[in-house]
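Colleague: Could you take me through the reasoning behind the labels on this model? I would like to see each value set against its cut-off.

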Amino acid sequence: MARRIAKKILVLASGAPVVRIEPTDGSSSANTSAYMNKRGDLLLFNVRNASVTRVFPSDDLVKTYLENRDTVARYLPIPQTLRVGDRVVSEVLVSGKNGFSVGTESKLLLWRKFLAAYEDLSTAATNDAGLIIAELRAEISELQPHHGPLQSTEKMLSTLNSSWRTFAMHGDLSGNNVVVDGNSFVVIDYDDVARHPFFFDVILFTLRDDVLRSMLRRGMFDEDLKRLADAAGADFSSDHLQSWINYVVLRLAADRCRATFEELESALKATRERLVPNDPGL
């Protein structure tokens, strides 16, 4: 007997209606679910064949997405593109678990694979972090041009090292964007690819996971991060690590705030609480 399917209409925060298809026979998961992200892309997940299809609202977004994927394909394992056309990109994933849901041993293996990949690419990175930081400073100053950055944010900016090497980073690395199958994994969602200092993806991935963040706070990754810094021609110390974290927090907060400096300060606080909650050591 064919599985009976019930369709439910969801209205997300964006106000856009999205159809979520769910089984009515008591099965634990839907064969297909659809959600809309903040950019307005429709994401279709097929559980049976482990695929995700992204339906873009414009051809320009398809082009940008594929260019972003190609940029980081040299160091991150990306899904295979099945079809491009009519604003559709289909990606085949390994059949596995969400990166957040795997055990500690698998998380550590994944973390070290990322670290090794970024160590390799650091030698090809460029020493242009000064330009990136200047752009960030300009973006923030524009929020309140007559008063300049507030003291706490200016202090964050002053700790950033303009000699860091930069490279095209995934920009949104987290367990949600990694599918793990044993020792293999693929990374999805390349909408936020941008040039960042060499540590951005590794630190962001670490801060977003409770287990890894706790290990970072206890200094368990210091030797690994020192190797990453050495590969990029940078120094490493607890002070440098704090400035790395400051950059990640500041960049994410600035990306989420385009109105007033007061709103940026609120975004900074919310971003830090989300990434490093109750961790005074960070």
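Colleague: Happy to start with the aromatics: are F198 and W244 buried or exposed?

Modeller: F198 is buried, and W244 is buried too. Keep in mind that this is a predicted model.

Colleague: What makes F198 and W244 an edge-to-face aromatic pair?

Modeller: Two values decide that. Their ring centres are 5.4 Å apart, and the cut-off for a pair is 6.5 Å. The planes stand at 85 degrees, and an angle over 60 counts as edge-to-face. F198 sits in the loop between β12 (194-197) and α5, while W244 belongs to helix α8, so the pair ties together parts that are 46 residues apart in sequence.

Colleague: And why do F200 and Y247 get the edge-to-face label?

Modeller: The argument runs along similar lines. Centre to centre the rings of F200 and Y247 are 6.0 Å apart, with 85 degrees between the planes; pairing needs centres within 6.5 Å and edge-to-face an angle over 60. Since F200 is in helix α5 and Y247 in helix α8, this pair ties together parts that are 47 residues apart in sequence.

Colleague: How do you know that F200 is buried?

Modeller: Its relative accessible area is 1%, and buried means under 20%, so F200 qualifies. Y247, at 0%, is buried as well.

Colleague: Which residues do ring pairs link into a cluster?

Modeller: The cluster consists of W164, F198, F199, F200, F236, W244 and Y247. The count of aromatic pairs in the model comes to 13.

Colleague: Let's turn to α7. Which of its residues are buried?

Modeller: In helix α7 (residues 222-231) they are D224, L225, L228 and A229. Looking down the axis of α7, these buried residues fall within an arc of 140 degrees, so they line one face of the helix. They pack against α2 (104-122), α5 (200-207), α6 (210-217) and α8 (238-255). Just after α7, G233 has a positive phi of about 70 degrees.

Colleague: Why is D224 called buried?

Modeller: D224 has a relative accessible area of 8%, and the cut-off is under 20%, so the label follows.

Colleague: What makes the link between the side chains of D224 and R112 a polar contact?

Modeller: The distance is 2.7 Å, which is to be set against a limit of 3.5 Å between N or O atoms. Beyond its neighbours within four places in sequence, D224 is in contact with W111, R112 and L115.

Colleague: Which members of the largest nonpolar core touch the most other members?

Modeller: Of its 72 residues, those are F114, Y118, W164, L225 and W244. Helix α8 gives the most to this core, with 10 residues. As for Y118, its contacts, leaving aside neighbours within four places in sequence, are Y75, L76, M169, L173, F198, D201, V202 and L228. Apart from this core lies another, of five residues, including V52, L93, V179 and V186.

Colleague: Last one: why does R258 count as exposed?

Modeller: R258 has 55% relative accessibility, and exposed means over 50%, so it earns that label. R258 is found in the loop between α8 and α9 (261-275). Not counting residues up to four places away in sequence, R258 touches E139, L143 and R251. The C-alpha atoms of R258 and E139 are separated by 8.6 Å, although the two residues are 119 residues apart along the chain.

Conventions:
Residues are numbered from 1 along each chain as its sequence is written. This is a predicted model: local features need pLDDT of at least 70, side-chain atom pairs count only at pLDDT 80 or more; totals for chains, interfaces and linings use all residues. Side-chain values use heavy atoms; hydrogens and water are left out. Buried means under 20% relative accessible area, exposed over 50%, partly exposed in between (1.4 Å probe, protein chains only). Helices (H or I, at least four residues) and strands (E, at least two) are DSSP runs, numbered from the N terminus. The arc is that of the directions from the helix axis to the C-beta atoms. Contact means heavy atoms within 4.5 Å. Rings of Phe, Tyr and Trp (its six-membered ring) pair if their centres lie within 6.5 Å; planes under 30 degrees apart count as stacked, over 60 as edge-to-face and the rest as tilted. A polar contact is a pair of N or O atoms within 3.5 Å; within protein, one must be able to donate a hydrogen and the other to accept it, and residues adjacent in sequence count only if both atoms are side-chain atoms. A nonpolar core is a set of buried Ala, Val, Leu, Ile, Met, Phe, Trp, Tyr and Cys residues joined through side-chain atoms within 4.5 Å.
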